[in-house]
Amino acid sequence: MGRSNIWLWSLAALIYAFLYIPLAIVVLYSFNDSRLNAEWVGFTLFWYKALFNNTEMLTAARNSLIIALSASFSATLLGTMAGLAIHRYKLKVLPVLVFTPVAMPEILLGVSLLLFFLQVLNLTLGMVSIIIAHTTFCIGFVAIIVRARLEGMDENIFEAARDLGASPWQTFRLVTLPLIMPAVVAGALMSFTLSIDDFVITFFTKGVGEPILPIQIYTMIKVAVTPEVNAISTLLMLLTLIMITIAARLEARASARTMSPDKAGK
Amino acid sequence: MALLEIRNVTRRFSNYTAVDNVSISVKAGEFFTLLGPSGCGKTTLLRMIAGFDLPDSGQILLDGNDMVGTPPEKRPVHTVFQTYALFPHMTVADNIAFPLKMAGKATQEIKTRVGEALESVRLPSFGNRFPHELSGGQKQRVAFARGLVNRPRLLLLDEPLGALDAKLREEMQIELINLQKELGVTFVFVTHAQDEALALSHRIAVMNHGIVEQIDEPSRIYSFPRNRFVADFIGKISMMSAQVVEAAPSHLKLDVKELGEVTAVGKAGVKTGDTGVMAIRPEQVRISHLSDEPRLKNHFPGKVHDFLYVGDVTTYIVELSNGAYIEALLPNSAPGRAKFFEVGDQVGVSWRHDAGIFLND
């Protein structure tokens, strides 16, 4: 190993440490038998028990799950349709419209959605407004993933299905959908993770009544950082990690099957 | 009656005409080839037969019924694509079963016919594999099996051998001929490879810039090209500017610029005074030592300019006294003999009175 190699490895190690040590501390202290996040006293599951007895926290978790499920469902549906349309019709304007919310600063999106709901739609803020808001910024992610998958595919496959006797609907159901399914699922999981921990947009579009998880956590640490926050953060982390792993696996496996040697035929 | 009748079909795109008033009729059981350089309209024509594209004017009749307005899935026509277009998420057996399922065949019948189809392309034990586990040639065979399993009235083949290497390609050509003979399905084959077209087809339509230049049997296309494009596109040919000085019913006397009088043949209707070219295939040209007694009517001295040794034959490029080049093909049938002449050798070239073809400008 050369000198520059050692430097590179050290730098990489430093970056990963910077990223993951804070997370590790949160996980570690969620099992700490002390009210203070200062020194390690002993192992306990107390904070997890406390968490599951905290009704407000449970309501927040339930609300966030409902929002994440609804938003990822509608974003997946609309995003898949957008991805298919962008690919098939080689559209110029729609991609810009669909992908912009992905790059837009969240605060801008939050403010504009708030104004839109209140002043244009005259909507009472609540679960519905949050679901709509989350759907808006997730559509772009789904569309990008679905389109990327279609880009790598042999266009003749879809014509071959029609040619061999499948109607447009049968072609979609038997050929297109199974082929883009990994991307659709990946998009759904991605949307779910984006939605469940979103703070900024949720903050702008939430009503007064219902607690939402990320905001509930924020409110809790404003008072005092209790290990209960560590516990809920650990659970959230675990959920996100699982989702992302599944999404990545699906994409990789599907690509291995459908993309590789066929394209060499050209 | 013709199985497929293309009548005055035209297809325009925004800035050019891809298919220009084309009429072709294909008989049942025929192996028919659309041959031409890329951009000649052959693929557009094929897509219109399959139903992926519609003509701006004209008719496409199958068994006498106009197909325009019938979507691709309702046409008794299947296509084998250059990219094979196998469904990557289905096994080989499911791929082949697809058209049968779409046609609503019973499960038992599907099973039997998929088995037969695999047998016919010599892949009986490959049913459970996925396309990405197959070699190029195996994918190609599966694509044939899938296209043929539901016995279409017509099988369209869009450069299906284009992605294969030369040796495998020749093997597949032979298999394709046998498959077509065995099943009696009518083939419409698209290719830009003239050797492939000559080897496979019963008849060939040579296309260029959206029009059909000539429709004929392979041997006639090769020996009697109707114009300079066909002559040049199919096989090798040498051409020299010429003018007709005497048009007899059996032969033509041509004045080849700065060379002299050449006897040749031409199509009916060629008149004295017509200008054009004298075209001659390399294998028709004899090359001999200058000292040899000339035995053929058309005999001229020249100098070996270059030669191309390709193993079985050597092509000599001979410069004639008028500065024109003529190619002569010599088989290397004597073992160990690769070259009969060297560059710079003074030689004689000659050809039969009916070997040269006069083509009008």
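What follows is a friendly conversation about a predicted model and the reasons behind some of the words used for it.

Biologist: Let's start with two helices of chain A. Why are H3(A) and H6(A) called oblique to each other?

Modeller: The axes of H3(A), residues 55-89, and H6(A), residues 127-151, cross at roughly 40°. Angles under 35 degrees count as roughly parallel, and 65 to 115 as roughly perpendicular. The value of roughly 40° fits neither range, so the pair is oblique. The axes come within 5 Å, and the crossing is right-handed.

Biologist: What kinds of residues make up the contact of H3(A) with H6(A)?

Modeller: There are 18 nonpolar residues, 11 polar ones and two charged ones in that contact.

Biologist: Now chain B. What makes H4(B) roughly parallel to H5(B)?

Modeller: H4(B) and H5(B), the latter spanning residues 166-183, pack at an angle of about 15°. The limit for roughly parallel is under 35 degrees, so this pair qualifies. Their axes lie 11 Å apart, and H4(B) passes H5(B) in a right-handed crossing.

Biologist: Which residues meet there?

Modeller: From H4(B) come B:Gly137, B:Gln140, B:Phe144 and B:Leu148, and they meet B:Leu168, B:Met172, B:Leu179 and B:Leu183 of H5(B). By class, six are nonpolar and two polar, with no charged residues.

Biologist: How do you know that the buried residues of H10(A) line one face of the helix?

Modeller: H10(A) covers residues 213-223, and its buried residues are A:Leu213, A:Gln216 and A:Ile217. Looking down the axis, these buried residues fall within an arc of 100°, so they line one face. It helps to remember that an α-helix has 3.6 residues a turn, so residues three or four places apart point the same way.

Biologist: And what is on the other side of H10(A)?

Modeller: There, A:Thr219 and A:Lys222 are exposed.

Biologist: What makes the phi of B:Tyr84 worth pointing out?

Modeller: Its phi is positive, about 70°, although B:Tyr84 is not a glycine. Most residues other than glycine have a negative phi. You can find B:Tyr84 in the loop between strand S6 (77-80) and helix H2 (92-102) of chain B.

Biologist: Why does B:Tyr84 count as buried?

Modeller: A residue needs 20 or more other C-beta atoms within 10 Å to be buried. B:Tyr84 has 26 such neighbours, so it counts as buried.

Biologist: B:Arg122 has a positive phi of about 60° and is not a glycine either. Is B:Arg122 buried or exposed?

Modeller: The cut-off for exposed is 12 or fewer. B:Arg122 has 11 other C-beta atoms within 10 Å, so it is exposed. B:Arg122 sits in the loop between helix H3 (107-120) and helix H4 (136-148) of chain B.

Biologist: How many residues of chain B are there, and what share is buried?

Modeller: Chain B has 361 residues, and 41% of them are buried. The chain contains eight helices and 20 strands.

Biologist: Last topic: where do the two chains touch, and how many residues of each are in contact?

Modeller: 22 residues of chain A are in contact with 22 residues of chain B. On the side of chain A, the elements giving two or more residues are helix H7 (156-163), helix H8 (168-196) and helix H11 (227-258). The largest share, six residues, comes from H7(A). By class, that side of chain A divides into eight nonpolar, seven polar and seven charged residues.

Note on methods. Residues numbered from 1 in each chain as written. Chains lettered and ligands numbered in written order. Predicted model: local features only at pLDDT ≥ 70, side-chain atom pairs only at ≥ 80, totals over all residues. Axes fitted to C-alpha atoms, helices over the stretch in contact; angles between N-to-C directions. Helix = DSSP H or I, 4+ residues; strand = E, 2+ residues; numbered from the N terminus. Parallel < 35°, antiparallel > 145°, perpendicular 65-115°, else oblique. Left-handed = near helix turned anticlockwise from the far one by under 90°. Nonpolar A, V, L, I, M, F, W, Y, C, P; charged D, E, K, R; others polar. Arc of directions from axis to C-beta. Contact = placed C-beta atoms within 7 Å.
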